[in-house]
Amino acid sequence: MSDNEGRASEPAADAETFLAATDTIAALRPDLSLLEAGILAGLHLGLAADSRSFARIFGVEHALVLRAVEGLTGATLLTVTARDGRTQRTRYAASAAGSAMLTALAA
């Protein structure tokens with residue numbers, strides 16, 4: 001799995017970039033759990049924009065990801081854009097407040 005070149009569906013960010021973004025978000029918002037910061041980092045880096053994908057990519061239980069997404073929605077950092085009633089796959093996007101915070105990562 002180390003050869004990701006040439007696969008359009010594979011994310012461009014590496015583990016180091018993801019961890020650095022997660023740490024930066026956690027420093028900006030110490031009220032967030034590391035999982036919540038990771039979800040925001042994954043969204044920012046284009047790694048995952050739904051709960052099932054995040055759970056699969058990072059090997060986290062889907063129920064934990066769903067709980068974290070709900071926490072981020074409650075903190076007004078994410079907006080749920082779609083939810084599958086059968087699988088509970090939840091698609092999300094950064095809210096205005098979340099986008100403002102994530103632009104600090106690019107600076």
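**A walk through a small helical chain**

Hi everyone, let's start with a pair of helices. Helix H1, residues 15-28, and helix H2, residues 34-44, pack at an angle of about 120 degrees, and their axes are 8 Å apart. That angle makes H1 oblique to H2. The crossing in which H1 passes H2 is right-handed. From H1, the residues making this contact are Phe18, Ala21, Thr22, Ile25 and Ala26, and from H2 they are Leu34, Ala37, Gly38, Leu40, Ala41 and Gly42. If you sort the residues of this H1 and H2 contact by class, you get eight nonpolar, three polar and no charged ones.

Before going on, please keep in mind that what you see on the screen is a predicted model.

Now let's step back to the whole chain. How many helices and strands are there in the chain? There are five helices and two strands. Following the sequence from start to end, the pattern reads α-α-α-α-β-β-α. The chain has 107 residues, and 35% of them count as buried. About 6,200 Å² of the chain is exposed, with carbon and sulfur atoms supplying 54% of that area. Here is another number for the whole chain: take the contacts with a separation of 6 or more, and 49% of them are between residues 24 or more positions apart.

Back to H2, then. Is H2 mostly covered or mostly uncovered? H2 is mostly covered, with eight of its 11 residues buried. You can find them on the screen: Glu36, Ala37, Gly38, Ile39, Leu40, Ala41, Gly42 and Leu43. And what do the buried residues of H2 pack against? The list has H1, helix H3 (51-58), helix H4 (62-74), strand S1 (78-83), strand S2 (90-94) and helix H5 (96-106). Just after H2 comes glycine 46, which takes a positive phi of about 75 degrees.

Let's zoom in on one residue on the H1 side. Threonine 22 is found in helix H1. Threonine 22 counts as buried because its relative accessible area is 6%, and the cut-off for buried is under 20%. Leaving out residues up to four places away in sequence, threonine 22 touches Leu34, Ala37, Gly38 and Ala41. You have met these names already, since Leu34, Ala37, Gly38 and Ala41 are among the H2 residues in the contact with H1.

H1 also meets another helix. H1 and H5 pack at an angle of about 125 degrees, with 10 Å between their axes, and they are therefore oblique to each other. The crossing of H1 and H5 is right-handed. Here H1 brings Ala21, Thr24, Ile25 and Leu28, while H5 brings Met101, Leu102, Ala104 and Leu105. The contact of H1 with H5 has seven nonpolar residues, one polar and no charged ones.

One more pair of helices: H3 and H4. Their packing angle is about 130 degrees, and the axes of H3 and H4 are 9 Å apart. That makes H3 oblique to H4. H3 and H4 have a right-handed crossing. In H3, Ser51, Arg52, Phe54 and Ala55 meet His62, Val65 and Leu66 of H4. By class, the contact of H3 with H4 divides into four nonpolar residues, two polar and one charged.

Now for the loops. Leucine 77 sits in the loop between H4 and S1. Is leucine 77 buried or exposed? Leucine 77 is buried, with a relative accessible area of 2%. Leucine 77 and leucine 40 are 37 residues apart along the chain, and their C-alpha atoms are separated by 8.4 Å. Setting aside neighbours within four places in sequence, leucine 77 is in contact with Arg29, Leu32, Leu40, Leu72, Ala93, Ala94, Ser95, Ala97 and Gly98.

Threonine 76 lies in the loop between H4 and S1 too. Threonine 76 counts as partly exposed, at 49% relative accessibility. Its phi is near 60 degrees, a positive value in a residue other than glycine. As background, most residues other than glycine have a negative phi. Glutamine 88, in the loop between S1 and S2, has a positive phi as well, near 70 degrees. With 33% relative accessibility, glutamine 88 counts as partly exposed.

That's my tour. Thanks for listening!

Notes:
Residues numbered from 1 in each chain as written. Predicted model: local features only at pLDDT ≥ 70, side-chain atom pairs only at ≥ 80, totals over all residues. Heavy atoms only, no water. Axes fitted to C-alpha atoms, helices over the stretch in contact; angles between N-to-C directions. Helix = DSSP H or I, 4+ residues; strand = E, 2+ residues; numbered from the N terminus. Parallel < 35°, antiparallel > 145°, perpendicular 65-115°, else oblique. Left-handed = near helix turned anticlockwise from the far one by under 90°. Contact = heavy atoms within 4.5 Å. Nonpolar A, V, L, I, M, F, W, Y, C, P; charged D, E, K, R; others polar. Buried < 20%, exposed > 50% of the residue type's maximum accessible area, 1.4 Å probe, protein only. Areas by Shrake-Rupley, 256 points an atom, 1.4 Å probe, with all protein chains shown as cover.
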